[in-house]
Each structure stands twice: as C-alpha cells, then as structure tokens.
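Reader: Hi, I'm new to this and would love a close look at one part of this model. Could you walk me through the place where the ligand sits?

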Amino acid sequence: MNKQKRIVVLTGAGISAESGISTFRDSGGLWEKYDIMEVATPEAWHRNQALVMEFYNQRRKQLYEVQPNDGHYALVELEKHFDVQIITQNVDDLHERAGSTNVMHLHGELKKVRSSADEDLVYTLDGWELKAGDLCEKGSQLRPHIVWFGEPVPMIPAAAELSSSADIYVIIGTSLNVYPAAGLVDYVRPGTPIYLIDPSDLSVGHIRGLTMIREKASTGTKKLVQQLIK
Ligand code: APR
C-alpha cells in the first residue's frame, strides 16, 4: 500500500502553460511584455499603484477563461495512491480547480487580496477586479496577495520542511531561476528519487539523483504518474 509514501511536487508556470497562462521567461513570456520593476515590486506599488493593480487584474480576469490541463489532473490521480503535497510558485488556482487537496502557494494567490497595512488581513476577492478605494477592515487600500520581488517568502520554512520529508520529489515546469523557491531541491534527502518534467533542456546537472523527463507537463506528468502507480 503506497499511501504512506509522500510525493512532494514543486510546480512552476510551465504546468499552467498548456492551459493558456503565459510563463515568465519563455519567449513571449510575461517578463518580455512587462518590466518586473514596473509591476511586481513594492516600489512599483508605491510609484504607480494603478499600473500594478491593472497588471494583476488582467491576470486574475484570465483565470475565468482558462481550465486545468492534463498535467494538473495527473497530480490529482496520483493522490489516489500516495500522500501528495504540492508546493507551487504559481498564483493561479488551477491545481485546486483540478481537485488537488494539498497546495501550498509560495508566491501568493491571484484570487486573494490583503490589507496593505496588516499582512495578516487576507481576503478572497469577489470577481476579478481590485480597484483603488477597495479598503480592508482597517481602512487601508487592498493589494494583491502576491509575493513581489524583494519581499519575503513566508512559506519557505514550511516548504523546506515538506521537501525534506519527501520519499519522491517531482519538479514540473519551472526554470529554477528564482530563489528561495529554486533552493528547495537542496532540502531533499540524499538518495531520494527526483524527477524533473520540462520540454526545454535545463542546466540541472548539479541536482543529484535526478531523472529528466523532457516533455510538456500534460504528457510528461501523465507518464510519470502511470509509472509511479505501477
Ligand atoms: N510544460 C512543462 N514545462 C513547460 C511548458 C510546458 N508546456 N512550457 C514551458 N515550460 C517550462 C519552461 O521550459 C521553463 O523551464 O516552464 C518553465 C517556466 O519557467 P519560468 O517562466 O521562469 O516560470 P517559473 O519558473 O514558474 O518562475 C518562477 O518567477 O517571475 C517569478 O514569481 C514568479 O513564480 C514565478 C517565479
């Protein structure tokens, strides 16, 4: 009975690519169209709140137009056989909508907003549009519940703990460019099988015990799940 085996899955934008959500660093990615410093930093929020609000409003609006893909659904299938814990860098809700039950959002969630005065006041936004004048219960402007560049990643200790508890580690659709998320693989116990699913050729030679599956998330994850279930 595999149930007691724990599979920890670290996902990035690539698992949502086939659902139609842009990745960040592929050609045509978000950071080709927008300057990170203009839309994804606390300084940007202070300098041009309307532009930052609009950037996240557009991405949040898109959530209503996309669906999970076979990569997300394969991870739900995996839950029938293993203790599956997902650590995602993504801010979309596709893992949850596919039916995954243990999802940790390292970089926040598009559908949530929070007080700009008290980070513990987090709300689920009704609809896709956050507007100037939408205030928290303490009267301060609500902001996207997103970890911006230069801000701390509060979930990292929990994610590191999870990574060190994995019996099998799976990395799907991340360029492993952004720390501290990219450093989570260092917490995986030596000798733990690590699988990496990505269509491009990432320089991951430094990761010991790694099996590279050079496929898109939809087909690669399905294949891996079938292999693990056997
Ligand atoms: N299936 C699987 N992987 C894919 C697919 C696909 N269909 N298409 C692209 N990829 C891979 C790319 O090859 C790349 O390795 O997904 C990865 C996407 O990398 P990034 O665009 O850098 O996205 P990510 O790694 O999630 O970025 C991390 O950076 O901008 C910040 O906070 C943001 O969470 C984000 C973080």
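Author: Sure! A quick definition to start with: the domain bounds used here come from an automatic or database domain assignment. This is a predicted model, and its protein is split into domain 1 (1–21 + 68–107 + 152–230) and domain 2 (22–65 + 113–146). Where the two touch, domain 1 puts in 13 residues and domain 2 puts in nine residues. Taken over C-alpha atoms, the centres of domain 1 and domain 2 are 25 Å apart.

So where does the ligand go? Both domain 1 and domain 2 give residues to the shell around the ligand, so it lies between them. The space the ligand takes up is the largest pocket.

Now let's look at the shell itself. There are 23 residues around the ligand, and Arg25, Thr174, Ser175, Asp198 and Ser200 are the closest. Sorted by character, the shell has nine nonpolar, nine polar and five charged residues.

Next, zoom in on some of the atoms. Ser175 has a polar side-chain atom 2.6 Å from an oxygen atom of the ligand. The backbone joins in too: a backbone N or O atom of Ala13 lies 2.8 Å from a ligand oxygen atom, and for a backbone N or O atom of Gly173 the distance to an oxygen atom of the ligand is 3.4 Å. As for cover, on its own the ligand has 730 Å² of accessible area, and the protein covers 93% of that.

How values were computed: Residues are numbered from 1 along each chain as its sequence is written. This is a predicted model: local features need pLDDT of at least 70, side-chain atom pairs count only at pLDDT 80 or more; totals for chains, interfaces and linings use all residues. Side-chain values use heavy atoms; hydrogens and water are left out. A residue is near a molecule or strand if one of its heavy atoms lies within 4 Å of it. A polar contact is a pair of N or O atoms within 3.5 Å; within protein, one must be able to donate a hydrogen and the other to accept it, and residues adjacent in sequence count only if both atoms are side-chain atoms. Accessible areas come from the Shrake-Rupley method with a 1.4 Å probe; for residues, only the protein chains shown count as cover. On a 1 Å grid over the protein atoms alone, a cavity is a set of points where a 1.4 Å probe fits but cannot get out, and a pocket is an open set with protein on both sides within 12 Å along at least five of seven lines; lining residues have an atom within 4 Å of a point. A molecule sits in a cavity or pocket if more than half of its atoms lie within 2 Å of its grid points. Ala, Val, Leu, Ile, Met, Phe, Trp, Tyr, Cys and Pro count as nonpolar, Asp, Glu, Lys and Arg as charged, and the others, Gly among them, as polar. Contact means heavy atoms within 4.5 Å.
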